[in-house]
Amino acid sequence: MPNPNKVTERLFQSPSKYIQGPYAIQNAAKYLGKLGNAPLLLCDDIVWNIGGKELVQALESASFKVYRAVFGGEASREEIDRLSALGRQESSDFVIALGGGKTIDTAKTVADGLSLQVAIIPTTASTDAPCSALSVLYRPGGEFHCYTFFDKNPNIVLVDTTVISKAPARFLAAGMGDAIATNVEARRVPYSPNFGGGLPTEVSSAICQKCEEILFKYGKQAYEANRAHAVTPALEAVVEANTLLSGLGFESGGLAAAHAIHNGMTAIEELHTLLHGEKVAFGTVCQLVLDGSPTSELDRYIEFMLSVDLPVTFDLLGIPGVKDDALRRVAELACAEGETIWNLDRVINVDIVYGAIKAADAAGRDYIKRTGWTRK
């Protein structure tokens, strides 16, 4: 049932401020000064060497007192509790997330629990997590746990495209895998409440469409620019699509089957090494199958995904011999109570979703066979 509470109000939400550009970290103090001067900085050791030292230098030169807390790697309740205790101990007055999606989701949850403002500085464009008022939490072993919702979006999102360009292109591709689901899902759930509890607005629909337009127009070009570690107009456009447009689009437009199937896929241990968007990409093919999309439309999306090395078959996911029992478990989890797949205004059950997962793999294999595609 897409709208059991018969919601009629439309709702759109967003971060207070979004900044994007090359070397943006160097100007961090200019934008973060209104949040406080004693931030709790969450980042892991790898990110510390990529952008953490530069960020702290920029902030300390402006008289900030930064306390760095090393992120342990999983957005779990246990890690959130540990970091929250550090924030209280250090009397931090706002939180900074520097890193990828799990660092960001952890920082948002820590800030909410401490009643502090939060600034998000992503070091990859691999997910649409930075702009949203929710976090995806996992169990310590990597299995999906739950969504956590907040009263407000991040105060500031600051994206340094020079830092983004230095990350492996796989991360940008994963962001496109996440973002390509945005319009595919949102267009099927216009009468379901979004993550803010209201119906989608016209602007959220336009944002979802623009996100998809940018990906098809510039995605491959941006991927190649990222591989060359070059900041180009195409890269800037795709970073914005992955981060801002997809973030606004999914939150105010709504999710459906692609992300529900992703959540189910986290139950397969062999997939824990894949990035969020790589699994969402395959979930998007499943969504298109559920929608009854014609072969020409399926081909268009599969062609795009393969052009940026996103997986569209079990083999490309790294599970060529996956058992039917495992796939049925994915379908069961995708159909769990409260999952986003129930936003769809159509008959849904475990058998239907299981069939869509199998058919998505078949569609990917068929496309590869017909076109002779090979990984370069």
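The following is a conversation between a colleague and a modeller about a predicted model.

Colleague: What should I know about the numbering and the thresholds of this predicted model?

Modeller: Residues are numbered from 1 along each chain as its sequence is written, and side-chain values use heavy atoms, with hydrogens and water left out. As this is a predicted model, local features need pLDDT of at least 70 and side-chain atom pairs count only at pLDDT 80 or more, while totals for chains, interfaces and linings use all residues.

Colleague: Which helix gives the largest share of the largest nonpolar core?

Modeller: A nonpolar core is a set of buried Ala, Val, Leu, Ile, Met, Phe, Trp, Tyr and Cys residues joined through side-chain atoms within 4.5 Å, where buried means under 20% relative accessible area, exposed over 50% and partly exposed in between, with a 1.4 Å probe and protein chains only. The largest such core has 91 residues, and those with the most contacts inside it are Leu-215, Ile-261, Met-305, Val-353 and Ile-357. Helices (H or I, at least four residues) and strands (E, at least two) are DSSP runs numbered from the N terminus, and the largest share of this core, 9 residues, comes from helix H8 (residues 233-253).

Colleague: How many residues does the second, separate core have?

Modeller: This second core is separate from the largest one and includes Leu-59, Val-66, Ile-121 and Ile-156. Its number of residues is 22.

Colleague: Which residues does Ile-261 touch, not counting residues up to four places away in sequence?

Modeller: Ile-261 is one of the residues with the most contacts inside the largest core, and it is also among the buried residues of H9. With contact taken as heavy atoms within 4.5 Å, and with residues up to four places away in sequence not counted, Ile-261 touches Gly-283, Cys-286, Val-330, Ala-334, Val-353 and Ile-357.

Colleague: Is Ala-260 buried or exposed?

Modeller: Ala-260 is found in helix H9, which is mostly covered, 9 of its 9 residues being buried. Leaving aside neighbours within four places in sequence, Ala-260 is in contact with Ala-334, Glu-339, Thr-340 and Ile-341. At 0% relative accessibility, Ala-260 counts as buried.

Colleague: How far apart in sequence are the parts that the pair of Glu-297 and Arg-187 ties together?

Modeller: The side chains of Glu-297 and Arg-187 meet in a salt bridge at 2.8 Å, N to O, a salt bridge being a side-chain nitrogen of Lys or Arg within 4 Å of a carboxyl oxygen of Asp or Glu. Arg-187 is partly exposed, with a relative accessible area of 31%. Glu-297 lies in helix H11 (residues 295-307) and Arg-187 in the loop between helix H6 (169-186) and helix H7 (202-227), so the pair ties together parts whose separation in sequence is 110 residues.

Colleague: Which helices are linked by the salt bridge of Asp-351 and Arg-328?

Modeller: The side chains of Asp-351 and Arg-328 meet at 2.8 Å, N to O, and Arg-328 is partly exposed, with a relative accessible area of 30%. The two residues are 23 residues apart, and the pair links distant parts of the chain, with Asp-351 in helix H14 (residues 350-371) and Arg-328 in helix H13 (residues 324-334).

Colleague: Where do Asp-361 and Arg-365 lie?

Modeller: Asp-361 forms a salt bridge with Arg-365, the closest N and O atoms being 2.9 Å apart. Asp-361 is buried, with a relative accessible area of 7%, whereas Arg-365 is partly exposed at 47%. They are 4 residues apart, about one turn of the helix, and both lie in helix H14.

Colleague: Which element gives the most residues to the lining of the largest pocket?

Modeller: On a 1 Å grid over the protein atoms alone, a pocket is an open set of points where a 1.4 Å probe fits, with protein on both sides within 12 Å along at least five of seven lines, and lining residues have an atom within 4 Å of a point. The largest pocket is lined by 47 residues, of which Gly-100, Gly-101, Lys-102, Ser-126 and Leu-275 lie nearest its centre. Helix H4 (101-114) is one of the elements that give two or more residues to this lining, and with 5 residues the element that gives the most is H4.

Colleague: How much space lies in the second largest pocket?

Modeller: Of the 19 residues that line the second largest pocket, the closest to its centre are Pro-193, Gly-338, Glu-339, Thr-340 and Asn-343. A volume is the space filled by probe spheres set on the grid points, which are joined across faces, edges and corners, and for the second largest pocket this space is about 410 Å³.
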